[in-house]
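Reader: I would like a close look at one part of this predicted model. Please take the interior, and set it in the context of the whole chain.

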Amino acid sequence: MYAPTPHDCWKGRVDPEDGDLGLRWHHIIQRSNLSQPLPAIETEGTHLMFLGFECEEGVARNQGRLGAKDGPRFLRKAMANIANHLPAHVHVYDGGNVICGEGKLVAAQQQLSQMIQKAHAAGYQCIVLGGGHEVAWGSFGGLTPQLSTGKKLGILNFDAHFDLRKPSKGPSSGTPFYQIADWCTQHSHEFHYLCWGIQPMGNTQALFATAEDLQVKYLTVPHLSEMTAQAQMLYLTQFLAEIDQLYLSIDLDGFDVAYAPGVSAINVGGLVPQEVFPLLRLIARSGKLMLVDIAELNPTYDIDSRTAKLGARCLWELVQYR
């Protein structure tokens, strides 16, 4: 269920006349094979590792459009040509892909959790490239060994949907944050979940009731439209002040369909990228970010790689401003 990233995923433009000033991300990415022992980190700084989650089984179970399993490959392709402006202390790696085959969703999520744990133990911070939003349960599983420190973990999800469905028929892309809430209850951890960009017309009253029962914080799109940019920054600043560590999940279907046509469930009237990017910079600079995943890129329905490039830009904000 694991494979190193194919070499052709990191190819891009080469400008030899510019020397080191002409480097792009495909030049600087360092490959790692997580089926082998990870080498010790020899340089100080921030070491970020991309991990792919090639899975859409959860999307299929949640009645979404198929194609998200190809998301990691297209995200890497969109990132490959990003011009390198990274600070000297930031280093980027590619740790390969977890692959969900034959509908073995739970096994794939467990494998992802193990890969994240392995990377974290070696000193890397992970950025997971999905895949359907079922990736979130695997991502969270990668953090659980670190939750015994007594530090307060917050979860921020940019998303049109709560993804708080009860997994009565098994896990799916609609259940991960309910699963996380249940884990927190069983292990006596507080569940600090903020969902940013909720679409009322895409979430039933039952889901809103579940959110209320679990004391979830959320901002709907209508609410956000009435807030100034400064008010949004203040709200996020206050949330970050209440926690010690952050797990950030970005579901690309939280963005408006004009910017993100290539997702499992399109969103009319969703988030606007120019309003989200400053929030991502704030998160990156907070010093509290433990883990990031990005979900629901569906290249089958993308237009001019619009959604893939939006995902790449979101990740650039989070990497560039560390």
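Author: What follows goes from the overall fold to the cores, then to a helix, the pocket and the backbone.

Start with the whole. This is a predicted model. The secondary structure comes to eleven helices and ten strands. The C-alpha atoms fill a box of roughly 60 × 40 × 40 Å along the principal axes. The radius of gyration is 18 Å. A compact globule of 322 residues would have a value near 20 Å, so the two agree. Buried residues make up 54% of the 322 residues. Contacts reach far along the chain. Of those with a separation of 6 or more, 79% join residues 24 or more positions apart.

Now the interior. The largest nonpolar core has 53 residues. Those with the most contacts inside this core are Leu156, Phe158, Trp196, Leu248, Leu280 and Ile283. Helix 11, residues 306–320, gives the most to this core, with eight residues. A second core is separate and has 45 residues. Tyr93, Cys126, Phe140 and Cys195 are among them.

Take leucine 248 as a way into the largest core. Leaving out residues up to four places away in sequence, leucine 248 touches Leu156, Phe158, Leu280 and Ile283, among others. Its partners also include Leu289, Leu291, Val292 and Leu318. One of the partners is a charged residue, Asp293.

Helix 6 shows how one helix is set against its surroundings. This helix covers residues 176–186. Its buried residues are Pro176, Phe177, Gln179, Ile180, Ala181, Trp183 and Cys184. They pack against one helix, helix 5. They also pack against strand 6 (153–158), strand 7 (192–198) and strand 9 (245–251). In an α-helix there are 3.6 residues a turn, so residues three or four places apart point the same way. After helix 6 comes serine 188, with a positive phi near 55°.

Next, the pocket. The largest one has a volume of about 280 Å³. It is lined by 20 residues. Closest to its centre are Asn62, His161, Asp163, Ser173 and Ala265. The lining divides into five nonpolar, ten polar and five charged residues.

The backbone has some features to check. Most residues other than glycine have a negative phi, and most peptide bonds are trans. Glutamine 63 has a positive phi, near 65°. It lies in the loop between helix 2 (57–61) and helix 3 (71–80). With a relative accessible area of 77%, glutamine 63 counts as exposed, because the cut-off is over 50%. Aspartate 304 also has a positive phi, about 55°. Its loop runs between strand 10 (289–295) and helix 11. Aspartate 304 is exposed too, at 66%.

The peptide bond from glycine 130 to glycine 131 is cis, with omega near 15°. Glycine 131 sits in the loop between strand 5 (125–130) and helix 5 (135–143).

Last, a residue towards the start of the numbering. Aspartate 18 lies in the loop between strand 1 (2–3) and helix 1 (25–28). This aspartate is partly exposed, with a relative accessible area of 40%. Aspartate 18 and alanine 108 are 90 residues apart in sequence. In space, their C-alpha atoms are 42 Å apart.

Methods. Residues numbered from 1 in each chain as written. Predicted model: local features only at pLDDT ≥ 70, side-chain atom pairs only at ≥ 80, totals over all residues. Heavy atoms only, no water. Helix = DSSP H or I, 4+ residues; strand = E, 2+ residues; numbered from the N terminus. Buried < 20%, exposed > 50% of the residue type's maximum accessible area, 1.4 Å probe, protein only. 1 Å grid on protein atoms, 1.4 Å probe; cavity = no way out; pocket = protein on both sides within 12 Å on 5 of 7 lines; lining within 4 Å. Points joined across faces, edges and corners; volume = space filled by probe spheres on them. Core = buried A, V, L, I, M, F, W, Y, C linked by side-chain atoms within 4.5 Å. Contact = heavy atoms within 4.5 Å. Rg over C-alpha atoms; globule rule 2.2 N^0.38 Å.
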